[in-house]
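A learner wishes to know how the features of a protein model are read. A teacher replies, going from the general idea to the particular case.

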Amino acid sequence: MRKSRAFLAFLLAFLSINGISHASDTIPLSCANKTNYTIRISNVIKGCEKTELSLGAGAISHSLIRPSVVDKQLMNRFKAAQAAAKKDGQALYIASGFRTLSRQKTLFAQAVRKYGSAQEASKWVAPPLVSHHPWGVVIDVNYPDEPVGAGWLEINGSKFGLCRVFENEWWHFEPVIAPGWKCPALVPDATFSVD
Ligand SMILES: [Zn+2]
């Protein structure tokens, strides 16, 4: 009895290990050609070619250490989206991406003065420790002058893993999905985002 249980445990472990290794070569990874930004689907085991930029295989979460630039895969996603937008006659540019904590503090303080309270200000500028900008995992696109281009990105961004997040900010995009997945529903404003 004990022996057969041990065998069963072994069998289950073997199957689950096998299952995991089998699964990982079927997790799709999006790669964009460095010259024409054509997207090819590889998988996380094979990776992307040297001639390609990785757009990642899932939502891009921030690192544990504060960065000093926009996340590299997020930039790759933006470049691929920018190239596709250009083909459709739309220009995309990053108005604001990475911000230092002190920059975010200044912006928040300005918003508190403008809106009268921290609570009201947080709907428009996230407090420094809450904002995703100092983590390098957000881009503000075409702000404030080109909402049409940002509208293009809102419609087409999911192909590149870029989603508009807030109802009150047409310019704010985050890499919250894998390229090709569906963007989640918008939340009203930054006070509804959970880090
Ligand atoms: Zn933003």
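The dialogue below takes up the sheets, the disulfides, two backbone details and the largest pocket of this predicted model.

Q: How should one begin to read a sheet, and what is the strand order in the open sheet of three strands?

A: Strands of a sheet are paired by hydrogen bonds of the backbone, in either a parallel or an antiparallel manner. In this predicted model, the open sheet of three strands follows the order S2-S1-S3, and its pairing is antiparallel. Strand S2 (39–43) and strand S3 (52–56) are at the edges with a single partner strand each, so one side of each has no neighbour in the sheet. From one strand to the next, the twist averages 35 degrees.

Q: Which helix packs on that sheet, and which strands does it touch?

A: Helix H2 (residues 72–87) packs there, touching S1 and S3. The direction of H2 makes about 110 degrees with that of S3.

Q: How many bridges join strand S1 to S2, and which residues stand opposite one another?

A: Strand S1 (residues 28–33) pairs with S2 over five bridges, in the antiparallel sense. Leu29 faces Ser42 of S2, and Cys31 has Arg40 as its bridge partner in S2. The two strands also form a hairpin, with five residues between them.

Q: What is to be noted about phi in the turn of that hairpin?

A: The residue to examine is Tyr37, in the loop between S1 and S2. Its phi is near 60 degrees, a positive value in a residue other than glycine.

Q: How many bridges link S1 and S3?

A: S1 and S3 are joined over four bridges, again in the antiparallel sense. One example is Ala32, whose bridge partner in S3 is Leu53.

Q: How many disulfides does a search of the whole structure find, and what does the pair of Cys31 and Cys48 tie together?

A: The search of the whole structure finds two disulfides. One of them is formed by Cys31 and Cys48, with sulfur atoms 2.1 Å apart. The angle about the S-S bond is -85 degrees, and this link is left-handed. Cys31 belongs to strand S1 and Cys48 to the loop between S2 and S3, so the pair ties together parts that are 17 residues apart in sequence.

Q: What is the strand order in the open sheet of four strands, and which are its edge strands?

A: The order is S4-S5-S7-S6, with antiparallel pairing. At the edges are S4 and strand S6 (163–164), each of which pairs on one side only. Strand S5 (residues 139–141) and S7 run antiparallel and are joined by two bridges. Within that pairing, Asp140 has His172 as its bridge partner in S7.

Q: Which helix lies across S5, S6 and S7, and where is Pro144 found?

A: Helix H5 (residues 147–156) lies across these three strands and runs at about 30 degrees to S7. Pro144 is in the loop between S5 and H5. The peptide bond that joins Tyr143 and Pro144 is cis, with omega at about 0 degrees.

Q: How is a pocket to be described, and what is the volume of the largest pocket?

A: One may describe a pocket by its volume and by the residues that line it. The largest pocket here has a volume of about 600 Å³. It is lined by 26 residues, and the closest to its centre are Arg99, Leu107, Trp124, Val125 and Trp171.

Q: Which element supplies the largest share of that lining, and what is its make-up by class?

A: H3 supplies the largest share, seven residues. Strand S4 (94–96), helix H3 (101–115) and strand S7 (172–174) each contribute at least two residues to the lining. By class, the lining comprises 12 nonpolar, eight polar and six charged residues.

Note on methods
Residues numbered from 1 in each chain as written. Predicted model: local features only at pLDDT ≥ 70, side-chain atom pairs only at ≥ 80, totals over all residues. Heavy atoms only, no water. Pairing = 2+ DSSP bridges. Axes fitted to C-alpha atoms, helices over the stretch in contact; angles between N-to-C directions. Contact = heavy atoms within 4.5 Å. 1 Å grid on protein atoms, 1.4 Å probe; cavity = no way out; pocket = protein on both sides within 12 Å on 5 of 7 lines; lining within 4 Å. Points joined across faces, edges and corners; volume = space filled by probe spheres on them. Nonpolar A, V, L, I, M, F, W, Y, C, P; charged D, E, K, R; others polar. Disulfide = S-S within 2.5 Å.
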